[in-house]
Amino acid sequence: MSREIDKDVFAGLKLDTLAVRAGQTRSHEGEHSEPIYTTSSYVFDSAEDAAKRFSGEAEGNVYSRYTNPTVRMFEQRLAALEGAEAAVGTSSGMAAILATAMAFLQSGDEVVCSQSVFGTTTALFTRYMKKFGVKTTFVELADLSAWEAAVTDRTKLLFMETPSNPTNDVVSIKAIAEIARSVDALLAVDNCFSTPALQRPLAHGADLVVHSATKFLDGQGRVVGGAVCGKQALIDELVVYVRTCGPTMSAFNAWVFLKGLETLRLRMKAHSDNAMTLAKWLEAQPLVDRVNYCGLPSHSSHEAAKSQMSGFGAVLSFEVKGGQAAAWAFIDATQVCSLTANLGDAKTTIVHPATTTHGRITQQERDAAGISDALIRVCVGLEDADDLIDDMARGLKAVSELHGS
Ligand SMILES: Cc1ncc(COP(=O)(O)O)c(C=O)c1O
């Protein structure tokens with residue numbers, strides 16, 4: 001049997017160590033790296049053992065929609081990083097959000113949700129939860145009085161992302177958690193932009209942390225998955241939903257995420273450093289009107305970000321002079337950046353939110369969310385910052401040519 005870290009030693013381990021060590025259980029083969037358990041079912045020692053495992057009287061795997069050792073390792077490692085008692089893996093980030101809604105809401109309940117969340121999250125609440133009698137009220141992320149006014153004694157869930165996409169607005173998680181507590185509702189924070197390497201919402205009073213693991217937890221754009229972290233009793237509810245309804249994480253994807261977590265903090269620091277370099281450079285350019293990066297002292301959320309984040313992340317957005325034509329010319333002139341709407345990759349991505357990620361909402365909704373036709377979003381990757389600046393300069397040269405100068 002291989003050695004395991006003593007409980008008291010484990011309790012004192014820091015984030016970088018947990019990212020590499022937490023959750024691993026070794027088989028009798030003594031493998032050093034975590035294996036991928038590609039099996040849909042498991043064998044029992046006897047008929048009695050089978051009965052006991054099915055009833056929950058004995059621990060052990062039954063079927064991979066219920067548990068899988070590789071998925072369990074990922075769940076335990078992520079929970080350790082988020083400072084959570086437990087986590088459950090899901091087949092995608094959207095499956096994690098749906099699981100949260102299905103496990104904790106019923107007809108007649110209400111949700112209060114930030115209006116600056118991923119568009120598909122908005123659709124999940126407005127198109128699907130609505131069908132089952134759940135009402136959602138959308139509020140401006142940073143407007144605490146709007147959150148206070150929106151909650152009622154029927155509110156069971158508050159949902160938000162901070163920082164927001166693509167304008168990088170930040171709200172105090174602690175303040176929203178207090179509002180949730182005032183009506184006995186749960187606060188779920190989608191932490192996919194920051195990851196536990198930069199922000200740990202549970203430490204600020206959130207009840208649940210939701211992840212699209214597809215993004216920075218993988219970090220190299222390979223597989224799709226999600227997770228929810230929180231107290232054991234809440235995760236137990238989610239586990240029942242996942243087992244029953246089936247949005248299970250695959251063992252292979254869990255293995256990719258496990259490996260991703262090992263380098264998470266190093267990557268998030270490199271992403272943040274590159275993003276800061278680019279944000280400062282862009283802010284100094286005459287053809288750039290506004291840079292949205294909460295790491296910049298000029299951003300209205302800078303102080304709030306500093307108080308709950310240990311780094312400011314990879315995502316920034318900026319407006320170029322000349323509206324949509326200028327933004328498109330900029331994007332088309334870049335050569336290193338990948339023109340794709342995905343984010344959380346080692347490769348820098350660039351997109352025009354108004355005509356892609358936020359193209360289906362109304363002009364009025366875009367205006368309210370600060371998404372002008374001139375806005376460009378960049379999710380800064382791990383390339384050399386000098387090469388990225390050269391790419392931004394190519395974009396600005398195209399804008400300058402458009403202006404005839
Ligand atoms: C903030 C955020 N949450 C959730 C999701 C959904 O994740 P997935 O694509 O893994 O279902 C995304 C996807 O882009 C996202 O950006």
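1. Let's start at Ser301. Beyond its close sequence neighbours (up to four places away), Ser301 touches Ala142, Pro163, Asn168, Asp169, Val170 and Cys294. You'll find Ser301 in the loop that runs between β8 (288–292) and α13 (302–308). Is Ser301 buried or exposed? It has 25 C-beta neighbours inside 10 Å, and the cut-off for buried is 20 or more, so Ser301 counts as buried. For a contrast in sequence versus space, take Ile331: it is 30 residues from Ser301 along the sequence, and the two C-alpha atoms are 26 Å apart. Bear in mind throughout that this is a predicted model.

2. Two of those Ser301 partners, Pro163 and Asn168, lead straight to the loop between β4 (155–161) and α8 (173–182), where Pro163 lies. Asn168 belongs to the loop between β4 and α8 as well, and so does Pro166. I'd check the backbone here with some care. Thr162 and Pro163 are joined by a cis peptide bond, with omega about 0 degrees. There is also a cis peptide bond between Asn165 and Pro166, where omega is about 5 degrees.

3. Staying in that loop, have a look at Asn168. Its phi is positive, about 65 degrees, although Asn168 is not a glycine. Asn168 counts as buried because it has 30 C-beta neighbours inside 10 Å.

4. Which residue of helix α9 has a positive phi although it is not a glycine? That would be Thr195, with a phi of about 65 degrees, and its place is in helix α9. Thr195 has 30 other C-beta atoms within 10 Å, so it is buried.

5. Now the domains. The assignment splits the chain into domain 1 (7–262) and domain 2 (265–402), and their C-alpha centres are 28 Å apart. How many residues does each domain bring to the contact? Domain 1 gives 30 residues and domain 2 gives 35 residues. On the domain 1 side, the elements giving two or more residues are α2 (15–21) and α9 (195–198). Sorted by class, that side of domain 1 has 12 nonpolar, 15 polar and 3 charged residues.

6. The core is worth a paragraph of its own. The largest nonpolar core has 123 residues. Which of them have the most contacts inside it? They are Ala87, Ala99, Leu158, Ile176, Val228, Leu238 and Leu316. Helix α5 (residues 93–104) provides the largest share of this core, 10 residues. The core also takes at least three residues from each of domain 1 (7–262) and domain 2 (265–402). As background, nonpolar side chains tend to be buried together in soluble globular proteins.

7. Ala87 is a handy place to step into that core. Setting aside neighbours within four places in sequence, Ala87 is in contact with Glu75, Leu78, Ala79, Ala227, Val228, Cys229 and Ile235. One of these, Val228, is also listed among the residues with the most contacts inside the core.

8. Next, a helix pair. The axes of helix α12 (residues 264–283) and helix α16 (residues 385–402) come within 10 Å, crossing at roughly 35 degrees. The crossing of α12 and α16 is right-handed. From α12, Asn274, Thr277, Leu278, Trp281 and Leu282 meet Ala385, Leu388, Ile389 and Met392 of α16. The residues of this α12–α16 contact divide into 7 nonpolar, 2 polar and no charged.

9. Helix α11 (residues 251–262) holds Val256. Val256 has 21 C-beta neighbours inside 10 Å and therefore counts as buried; the cut-off is 20 or more. Which residues does Val256 contact, apart from neighbours within four places in sequence? They are Asp218, Arg222 and Val223. With Arg222, the separation is 34 residues along the chain and 8.0 Å between C-alpha atoms.

10. Last, Val20, whose place is in helix α2. Val20 has 15 other C-beta atoms within 10 Å, so it is partly exposed. Val20 and Lys259 are 239 residues apart in sequence, yet their C-alpha atoms are 8.2 Å apart in space. Helix α2, where Val20 lies, is also one of the elements that give two or more residues to the side of domain 1 that touches domain 2.

Key
Residues numbered from 1 in each chain as written. Predicted model: local features only at pLDDT ≥ 70, side-chain atom pairs only at ≥ 80, totals over all residues. Axes fitted to C-alpha atoms, helices over the stretch in contact; angles between N-to-C directions. Helix = DSSP H or I, 4+ residues; strand = E, 2+ residues; numbered from the N terminus. Left-handed = near helix turned anticlockwise from the far one by under 90°. Contact = placed C-beta atoms within 7 Å. Nonpolar A, V, L, I, M, F, W, Y, C, P; charged D, E, K, R; others polar. Core = buried A, V, L, I, M, F, W, Y, C linked by C-beta atoms within 7 Å. Buried ≥ 20, exposed ≤ 12 C-beta atoms within 10 Å, placed from the backbone. Domains from an automatic or database assignment.
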